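The following exercises concern a single chain and its ligand. Please work through each task before reading its solution.

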Amino acid sequence: MSDRTESAEVVVVGCGPGGAVLAYLLARSGVEVALVERAATFEREYRGFGWNPGVIRLFEEMDVLEDVLDLAHETVTDGSFSLYGGAVSVLDFDLLDTDYPYALMMEQPALLECLVERASAYDGFAFYPATTVTDLRTDDSGGVCGVVAHDREVDEDITFDARAVVGADGRYSTVRERAGIDPGWFESPIDLVWFKLPQGALDARNQGRIDRDGVLVFFGLGGGDVQVGYIVRDGEWPSIREAGFGAFCRRIAAIDPELAAAVDAHLDGFRDTTLLDVSPGVANSWTRDGLLLLGDAAHTASPIGAQGNPLAVEDAVVAHRILVDALAERDGPEGDGILSGDRLREFEVRRRPTVERVIALQRRAAQNLRFWLDYGRYVPAWLVRGSASAFGWLAPHSRRLRGFVESFALGDESVSVARSRFVD
Ligand SMILES: Cc1cc2nc3c(=O)[nH]c(=O)nc-3n(C[C@H](O)[C@H](O)[C@H](O)COP(=O)(O)OP(=O)(O)OC[C@H]3O[C@@H](n4cnc5c(N)ncnc54)[C@H](O)[C@@H]3O)c2cc1C
């Protein structure tokens, strides 16, 4: 028995980039929207912090770009990594056909807070932090007509009634699980260990380092902090931990001695590292009566190529138009009932091909990285350097490679914000 009941036209579960963008767009379109978030504050660790030119274009279309650029961030205008000590450029943003020839590196908390603040300007918007969705509510025909949640701040159960529930609750989505939808996990040949170093601890001139002894990725986070990723074989992390933190530092030192010194000085052992299970997944269904899944809940991208945020934001932009139109059509059985799965399926039809293509590319890249971990040490350095210069020459001239890099940088260019649905 719940302690209180709330109602909204749409309940969005999860205030990550997907949920926050969707809630803002819906609120701005005059929809009554409840955004329900498990965490009590925005301070969460280790989320995606790369925002590509495609997302920046969408932020501009949403009228939030100016606010976003006021937040702490770093601007990246090229993509390069160090291969056996030689710099290899994979992307020069100036060569892209875009009005936004840069990517932003920015932590999520400030951005999410900014989006929620912008949404709060609209009467139909309500935010429920510290509130965990525990179950779905279904009507007599099995359609989803709301959620059950627990507000930890006041220790109360809440029942939400809604015409549509959007599961934007991330890779371990409760909404997806309660709907009985298979997450469609794929095995990953690699995992990623993350840690953060403070301002000045490291001069990360490029975004990664590939060496015979391993692979590291670096991202400035704005404000000076640097996020570092160390790629390990799938399932290898427990044995690395067992060997002790000193042995871990020595592994890092073999790739990058400067970084190893910073790790030794700034990390308090393994407790300052986080293992990210890279496993990508594509759920076998994203919509049903009264329900729509988006972002990581529908398809979990791996961090390769920083595609998770763009996919979640593009999903939100596409879902916005479809939800607003479906609500306006009053297409439920009784005029204002739950939105039908047939109507919501347009979202899945529109987004699935893009998402599946991106995830397939990420999986291929993960296999290449694993190959490098297994066999990189056997490839002579002269051959690697020779291939790197050939690659550096070929990259700008190869249409295929360029297409690959552009699709990661610009995202799905056919997605654009349905501004005509805005009420202001
Ligand atoms: C270490 C790491 C690095 C990454 N790096 C990048 C990167 O650089 N660039 C990039 O584009 N992507 C990156 N990604 C992926 C990116 O973070 C995700 O793809 C993106 O955050 C997905 O957004 P989302 O809104 O779908 O879900 P999430 O950001 O996961 O948000 C889900 C939200 O739902 C909430 N929630 C969960 N369960 C419940 C519940 N039961 N009730 C209420 N709320 C709930 C969570 O607290 C969370 O706030 C990275 C991911 C990780 C883990």
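**Exercise 1.** Which residue of S9 does Leu35 stand opposite?

Solution. The model is a predicted one. Begin with the strand pair: S3, residues 33–36, runs parallel to S9 and is joined with S9 over four bridges. Within this pairing, Leu35 faces Phe127 of S9.

**Exercise 2.** Place this pair in its sheet, and explain why one side of S9 and of S20 lacks a neighbour.

Solution. The open sheet has six strands with mixed pairing, ordered S9-S3-S2-S13-S21-S20. S9 (125–128) and S20 (287–288) are the edge strands; each has a single partner strand, so one side of each remains without a neighbour in the sheet. Next, add the helix: H1, residues 17–28, packs on the sheet and touches S2 (10–13), S3, S9 and S13 (164–167). The direction of H1 makes about 165° with that of S3.

**Exercise 3.** Describe the residues around the ligand.

Solution. The ligand is surrounded by 35 residues, the closest being Gly14, Gly16, Gly48, Gly295 and Gly308. Elements giving two or more residues to this shell are H1, S10 (131–138) and H9 (308–329). H9 gives the most, with four residues. Sorted by class, the shell comprises 17 nonpolar, 13 polar and five charged residues.

**Exercise 4.** Assess the chain against the expectation for a compact globule.

Solution. For 424 residues, such a globule would have a radius of gyration near 22 Å; the chain has 22 Å, so the two agree. Buried residues account for 45% of the chain. Of the contacts between residues at least 6 apart in sequence, 75% join residues at least 24 apart.

Methods:
Residues numbered from 1 in each chain as written. Predicted model: local features only at pLDDT ≥ 70, side-chain atom pairs only at ≥ 80, totals over all residues. Pairing = 2+ DSSP bridges. Contact = placed C-beta atoms within 7 Å. Axes fitted to C-alpha atoms, helices over the stretch in contact; angles between N-to-C directions. Near = placed C-beta within 6 Å. Nonpolar A, V, L, I, M, F, W, Y, C, P; charged D, E, K, R; others polar. Rg over C-alpha atoms; globule rule 2.2 N^0.38 Å. Buried ≥ 20, exposed ≤ 12 C-beta atoms within 10 Å, placed from the backbone.
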